[in-house]
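The following exercises are to be worked with the sequence and the coordinates at hand. Each task is followed by a solution in steps.

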Amino acid sequence: MTAIQEPAIDAGDQPYTYRRAELAEPDWRRFPGWRDVTEAEWRDAQWQRVHCVRNLRQLRGVLGNLVADRFYDDLAADQRELATMSMLLPPQMLNTMAPQAGTDPETVTDAFYADPVRRYMLPVRSDRDDVWPSHPHSERDSLHEAEMWVVEGLTHRYPTKVLAELLSTCPQYCGHCTRMDLVGNSTELIDKHKLTLKPVDRQDAIIGYLQRTPGVRDVVVSGGDVANVPWHQLEAFLMRLLDVETVRDIRLATKALAGLPQHWLQPKVVEGLARVAGTARRRGVNLAIHTHVNHAQSVTPLVAEAARTALEVGVRDVRNQGVLLRGVNDTPAQLLDLCFALQGEANILPYYFYLCDMIPNAEHWRLAVWEAQELQHAIMGYLPGYATPRIVCDVPYVGKRWVHQLAEYDRERGISYWTKNYRTGIEHHDPEALRRRYPYYDPISTLPESGRAWWADNAGR
C-alpha cells in the first residue's frame with residue numbers, strides 16, 4: 001500500500017505561531033521618580049511596599065511628565081465616579097506597564113491607555129462602558145461567598161472544599177476584584193464591609209470548624225492575599241491546618257507572586273515556606289501556591305525566580321488562575337503568549353481562566369460565554385495537555401463550570417442556564433437545588449440589537 005504524503009504545513013499558515021520569548025525585567029529607571037533606584041532597593045520587599053503608589057499625587061511623582069494631564073484627569077474621574085477598588089500598585093506591578101514606550105510624552109500616554117496591565121490594574125473613566133457600566137444583575141458579592149460563611153471568613157460552597165479569607169487586604173488592588181465588597185479601602189462609590197473578629201479568633205473559628213467537619217479535605221487560604229499576613233502568623237496557621245487529619249490539600253492564594261515577587265524571595269519567607277512544605281510532605285498533604293497573572297508582560301525574571309524558589313523548597317505546584325478581561329487577554333495569541341511565558345519560562349502551571357464576575361462597573365472587562373467558548377477552542381492543541389488551562393464560568397450559587405457545560409443558552413438576550421450536582425452550604429434542605437437551572441448573564445454590549453433593546457425595556461424588572 002502506498003503511503004499518502006500529506007503536504008507539509010508551513011508554520012506561517014498556523015493560526016498561532018510559537019516563538020520563545022525570554023523574560024526580561026523592564027528598566028524601572030525609565031520613570032523619572034525611580035531614576036536613582038538601585039537593583040538592591042528594587043529587590044527589597046520592604047522598599048517595594050513603602051513605595052507603593054496609592055494616589056494620583058504619588059503616581060505623578062513616579063511618572064512625572066512622561067504621561068499627559070489628560071490621562072491623570074481620566075484616572076481622577078474614574079476614582080471619583082466608578083472605581084470599586086482603591087489605588088494600590090507596587091513598583092513591580094507598575095513597572096510592567098508600557099515597558100517599551102520610550103520617552104516621548106504623547107507616545108507614552110498612548111501606550112499607557114492601550115497597555116493591558118494598566119487596563120485592569122489602573123482603570124480610567126474612558127475605559128468604562130458608558131451605556132451599561134454595570135449589568136442589571138451585578139452584585140457587590142456576586143458569588144454570594146459571605147452568604148455561605150460558616151464562620152466569619154470561611155466560605156463552604158463545595159462539598160469537600162472551603163475558602164478561608166484570613167484578611168481583607170492585598171499588596172495590590174485589581175480593578176476587577178471579585179471580593180470588591182470586602183477587600184481594600186472604601187472608595188468614593190463603595191463603603192466596604194469589614195471583618196469584625198480579631199485575626200486570632202477568626203483563625204481559631206476556622207480551625208474549629210474544620211476539626212468538626214471531616215468531609216472537608218481541601219482548603220484555599222486566601223483573603224485578600226496571604227502575602228499580607230505576617231509570615232510568623234501565616235506559618236502558625238498553616239501548621240495548625242496541617243494538624244487537621246482530614247485536610248489533604250492546601251492552596252495558598254497570592255497575586256503577590258506576580259505583583260510583589262520580592263515578598264516571596266525574602267529569606268524568612270523562603271525558610272518558613274520550606275518548613276511548611278516539609279511538614280506537608282511528611283503528612284502526605286498537597287501544598288500549592290495559586291497566583292493570578294493576566295498578561296505575559298507581568299511574567300518577569302523576578303516572578304520566575306519566586307515561583308522556582310517555592311518549588312525548590314518543596315511546594316508541590318505553582319498554578320495560575322487568571323481572569324478573562326477584554327483588552328487584556330481576550331485573543332488566542334494573548335492567552336497563548338501568557339501560557340507559554342508561565343509554563344515555559346517560570347514553571348507556573350496555567351490552570352484556570354475565569355470569566356470576570358458580575359460585579360458593579362465591570363461590563364467593559366467582561367466577555368460573553370460564547371466568546372470564552374471560542375477562546376477555549378482556539379487555544380487547544382498548542383500547549384501540553386496538562387498545561388492547557390480550562391476556561392470556566394463561576395456561576396452564582398453553582399460554582400465553577402467549564403464554559404461548554406451550560407444547559408441552555410439564549411444568545412439573543414445573553415442568558416445562559418446552568419445546573420449542578422451538589423448543594424452549597426445554604427441549600428442542604430432545598431429540594432430544588434439539584435433540579436434548578438441557574439442563570440448567568442453576558443455583557444449587554446455583546447448582544448444583537450434586539451437583545452440590547454430587550455434589556456433596555458426590562459432592566460428594571
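The exercises below treat a helix, salt bridges, a nonpolar core and a sheet.

The model is predicted, so local features need pLDDT of at least 70 and side-chain atom pairs count only at pLDDT 80 or more, while totals for chains, interfaces and linings use all residues. Residues are numbered from 1 along each chain as its sequence is written, and side-chain values use heavy atoms, with hydrogens and water left out.

**Exercise 1. Determine which residues of helix H3 are buried and how they are arranged about the axis.**

Step 1. Helices are DSSP runs of H or I of at least four residues, strands are runs of E of at least two, and both are numbered from the N terminus. Buried means under 20% relative accessible area, exposed over 50%, and partly exposed in between (1.4 Å probe, protein chains only).

Step 2. Helix H3 spans residues 56–63, and its buried residues are Leu 59, Val 62 and Leu 63. Viewed down the axis of H3, the buried residues fall within an arc of 85°, so they line one face of the helix; the arc is that of the directions from the helix axis to the C-beta atoms.

Step 3. Arg 57 and Gly 61 are exposed on the face of H3 turned away from the buried side. The buried residues pack against helices H4 (69–81), H5 (91–94) and H6 (105–114), where contact means heavy atoms within 4.5 Å.

Step 4. Just after H3, Gly 64 adopts a positive phi of about 60°.

**Exercise 2. Locate the partners of Glu 81 and Glu 165 in salt bridges, and state whether each residue is buried or partly exposed.**

Step 1. A salt bridge is a side-chain nitrogen of Lys or Arg within 4 Å of a carboxyl oxygen of Asp or Glu. The structure holds 29 of them.

Step 2. Glu 81 is bridged to Arg 125, with the closest N and O atoms 3.0 Å apart. This pair links distant parts of the chain, 44 residues apart: Glu 81 belongs to H4, and Arg 125 to the loop between helix H7 (116–121) and strand E1 (149–151). Glu 81 counts as partly exposed because its relative accessibility is 37%; Arg 125, at 24%, is also classed as partly exposed. Both residues belong to a network of salt bridges with Arg 80 and Asp 130.

Step 3. Glu 165 meets Arg 179 in a salt bridge (3.6 Å, N to O). Glu 165 lies in strand E3 (residues 161–165) and Arg 179 in the loop between E3 and helix H8 (199–212), 14 residues apart. Glu 165 is buried, at 2% relative accessibility, and Arg 179 is buried, at 15%.

**Exercise 3. Identify the residues with the most contacts inside the largest nonpolar core.**

Step 1. A nonpolar core is a set of buried Ala, Val, Leu, Ile, Met, Phe, Trp, Tyr and Cys residues joined through side-chain atoms within 4.5 Å.

Step 2. The largest such core has 140 residues, and Phe 112, Val 221, Ile 250 and Trp 264 have the most contacts inside it. Helix H14 (residues 332–346) supplies the largest share, eight residues.

Step 3. Beyond four places in sequence, Trp 264 touches several residues, including Val 226, Trp 231, Leu 257 and Ala 306.

**Exercise 4. Which strands stand at the edges of the sheet?**

Step 1. Ten strands form an open sheet of mixed pairing, in the order E1-E2-E3-E4-E5-E6-E7-E8-E9-E10. Two strands pair if DSSP finds at least two bridges between them.

Step 2. E1 and E10 (399–402) stand at the edges, each with a single partner strand, so one side of each is left without a neighbour in the sheet.

Step 3. E3 pairs with E4 (residues 218–222) in the parallel sense over five bridges, and Ser 222 in E4 is the bridge partner of Glu 165.
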